[in-house]
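Here are some questions and answers on how the parts of a model fit together. Look at the structure first, then read on.

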2 protein chains.
Amino acid sequence: MDFPFSRIAGGVGAARGFLTSAVSCGIKDPASDRLDLALIHSDRPCSSAGTFTTNRVKAAPVRVSQAHLRKGDLRAIIANSGNANACTGVQGIGDANAMCDAVAKPLGLRRSEIGVCSTGVIGLPMPMVRLLPHTPELLAGLGPDQGAEVAKAIITSDTHPKEIAIAFDLGGHTVRIGGCVKGAGMISPSMATMLCFITTDANLPSEALRKTVLECVEDSFNRITIDGDMSTNDTVLVLANGASGMPAIRRHGPRCKQFRAAIHWVMLELAKAVVRDGERVTKFVTVNVSGARTYLDAKKVAEAVCKSALVKASWNGGDPNWGRIIHAVGYSRARIREELVDIHIGGKAACLGGLQAATPMAELRDIVAEREFTIGINLNQGSADYTMYTSDLSPEYIDFNRSEYAYWKQARKDGLV
Amino acid sequence: MDFPFSRIAGGVGAARGFLTSAVSCGIKDPASDRLDLALIHSDRPCSSAGTFTTNRVKAAPVRVSQAHLRKGDLRAIIANSGNANACTGVQGIGDANAMCDAVAKPLGLRRSEIGVCSTGVIGLPMPMVRLLPHTPELLAGLGPDQGAEVAKAIITSDTHPKEIAIAFDLGGHTVRIGGCVKGAGMISPSMATMLCFITTDANLPSEALRKTVLECVEDSFNRITIDGDMSTNDTVLVLANGASGMPAIRRHGPRCKQFRAAIHWVMLELAKAVVRDGERVTKFVTVNVSGARTYLDAKKVAEAVCKSALVKASWNGGDPNWGRIIHAVGYSRARIREELVDIHIGGKAACLGGLQAATPMAELRDIVAEREFTIGINLNQGSADYTMYTSDLSPEYIDFNRSEYAYWKQARKDGLV
């Protein structure tokens, strides 16, 4: 950030003119009152933009939201957790449409002005019979200062809700950006398994917002990985309603640059929060690749290292194992020369020119024992670089993901399968 | 196999004219007498062929063996376990050469007639001071019927040695093929982390052997994955000495086809044995992709499914989670259409046309509870197929791979770092 801003409370409800609400429908857990259905609504027309999973298997709400987003005029978002509405065919599309319809008319909007998102188990029909009776309560609950409820309602295996909001001056007007995110499992570049909603009272035309969001997602959410899996439901939606009263931001003006820096900062903070709260994660690792011949080479190296089960297992064990890092560098398919590769752990040389450096192992071990550290990989072949954010891989992660069978049993009880 | 053969004893020492030996040097564990240095020697000139890791970071013995193999006239192989001699620079090359020299002159061979292989920890210099004093004992021990010792000497984290040998009739002559393999961790296509030695008394010119070996490795070892990591040391070496007395096999004759079928069967059995003995593996899973538009599409789908941490975790938990399988199919970058994808588990439909099939979940669960099962994925878009062999991913795998720090401490005690 090269211009001042301040963190404020309110998360996705912090920007002016946005109302939010969340209720419990028992989708996530019929036996508890955990929030699992959320609504975000702008009291005036919006510009909107978004990015979606590149998985060829796309959940119904992704397909519906992609279609609705085409005009860039979304004004509300309805989202549930507990069921992904993925691999649910024609019925899934109908259910996603029904979710939109349940709030569109009461809000005085067209169906195509609603974004819809779901996250949870794949392959089971949406329990609409649980969801629909709660939409009147959801609508009635709309109000300001409730962003935190939305952050709570969208989480699944996350250990805590994740939200952020900032305010800053843009050409004499105070502008707010707020957002929340859920992540935890199935996290990988090209859209982590993740829902992220961002609202702002800045005034941007749709096209300027769309380009800004695409660029900023590429440099934030697409740079994180936890387990290398990519979800069917990943969605980032951004609504800008201009309620700050500022004049419209022009695409190539200086205020667009300032706005871009602010929203990128918000996205990067949320993306990092997803990694830090990854399933059974104990380490937050920044992998910084430099000296590559091309951007793509740098990216390939970063991805190979960040996705290697053996590298991640060694971090979990607090082992400064540069041998496993360089072996991942080697199979990344990037153009590298072993005898030029330097690897630094927490700024200290672990490997220089492909060989063990002089730094005492105990010093490196102390760094990897920390909860957060940086791995620097210099290929010494060019000037391109790429940074990714990742985690360790723990025995507890595997254990946690051994079975979703309980969901099927519940679905059977509900008569859905 | 469309022609008869019989399994025989003797492993890599079963073919006529091959002598083997193995000793303990204390590289794997200074405190025990576990075998960790092996020698294979043909009493007459050989044709030879091999394939090596495609990792750009290559261990010194890989570089040396690649150079030696160029003429296709290797007659002996020396191999150690406990240290990979990888990322060891010029000194590593010198050490690999010294390993060759230690046996070349006593055997009356040139250095370039020796293949050299190492497996174990990366980044530490070879403890030559432990290894070299034992080479006279290694040479003195050469004899027939000792193939099992070689299989023992090359294993690292494997739970048991893996070997096989067969005899069959080829144009009126009895021909033998024997081999051994080590694997366990860092196993991925394009050469698993793995050493495999195969000997045969068939009579093949180098060029015919080379092409046969390349094709057969592609359809065996390159079709397995355990953890998706690719080693710096992977090597398959095949020696053929003609000691069966048969006339030379012509590249395009029917006997070459028969020989190819036999050596492919040997390689596939050894490759499957590597998966079955993968680190902390509890399941052996055959993933059979069919109906793809191209071979490459089928391969991409198989690899994505076989490498997904979430899919593998669900197998570990005995969960017939087809949702995770189809999500991996979706991000494989193959051309797939969700609504055409069928997934069968153990022959029973789990997903038809991208939707949950009618098979009761309990039936699918019983199949995934078995130690071995098959996943069939039909993309219904073409006629190309691809089969891979893989394992589950267990919490114990991660736990097992958390730290190799003990190796560093030992290396320090040895004055190597």
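Q: What rotation and what shift along its axis superpose chain A on chain B?
A: In this predicted model, chain A fits onto chain B with an RMSD of 0.0 Å. The two copies are thus related as by a two-fold rotation axis. The operation is a rotation of 180 degrees with a shift of 0.0 Å.

Q: Which residue of chain A comes closest to the rotation axis?
A: The distance is taken from the C-alpha atom, and it is 2.0 Å for the residue in question. That residue is A:Pro395.

Q: Why can the copies be said to meet through the same surface?
A: In the contact between the chains, 53 residues of chain A face 52 residues of chain B. The copies meet through the same surface because the interface residues of chain A are also interface residues in chain B to an extent of 98%.

Q: Which element gives the largest share of the side of chain A that touches chain B?
A: Elements of chain A that give two or more residues to this side include α9 (309–316), α10 (322–330) and α13 (405–413). By class, the side has 22 nonpolar, 20 polar and 11 charged residues. The largest share is seven residues, and it comes from α10(A).

Q: Are helices α1(A) and α2(A) roughly parallel or oblique to each other?
A: The axes of α1 (residues 60–69) and α2 (residues 89–107) of chain A come within 8 Å and cross at roughly 55 degrees. Angles under 35 degrees would count as roughly parallel. The two helices α1(A) and α2(A) are therefore oblique.

Q: What is the handedness of the crossing of α1(A) and α2(A), right-handed or left-handed?
A: The contact involves A:Ala60, A:Pro61, A:Arg63 and A:Val64 of α1(A), and residues of α2(A) including A:Gly92 and A:Cys100. By class, this contact has six nonpolar, two polar and two charged residues. The crossing of the two helices is right-handed.

Q: How many Å separate the centres of domain 1 and domain 2 of chain A?
A: Chain A is divided into domain 1, residues 5–276, and domain 2, residues 284–393. The centres are taken over C-alpha atoms, and their separation is 34 Å.

Q: Which element gives the most to the side of domain 1 of chain A that touches domain 2 of chain A?
A: Here 10 residues of domain 1 of chain A are in contact with nine residues of domain 2 of chain A. The elements giving two or more residues to the domain 1 side are β10 (224–225) and α7 (254–276) of chain A. With four residues, the element that gives the most is α7(A).

Note on methods. Residues are numbered from 1 along each chain as its sequence is written. Chains are lettered from A and ligands numbered from 1 in the order in which they are written. This is a predicted model: local features need pLDDT of at least 70, side-chain atom pairs count only at pLDDT 80 or more; totals for chains, interfaces and linings use all residues. Copies are superposed by least squares on the C-alpha atoms of residues with pLDDT of at least 70 in both. Two residues are in contact if their C-beta atoms, placed from the backbone, lie within 7 Å. Ala, Val, Leu, Ile, Met, Phe, Trp, Tyr, Cys and Pro count as nonpolar, Asp, Glu, Lys and Arg as charged, and the others, Gly among them, as polar. Axes are lines fitted to C-alpha atoms, for helices over the stretch in contact, and angles run from 0 to 180 degrees between N-to-C directions. Angles under 35 degrees count as roughly parallel, over 145 as roughly antiparallel, 65 to 115 as roughly perpendicular and the rest as oblique. A crossing is left-handed if the near helix is turned anticlockwise from the far one by less than a right angle, and right-handed if clockwise. Domain bounds come from an automatic or database domain assignment.
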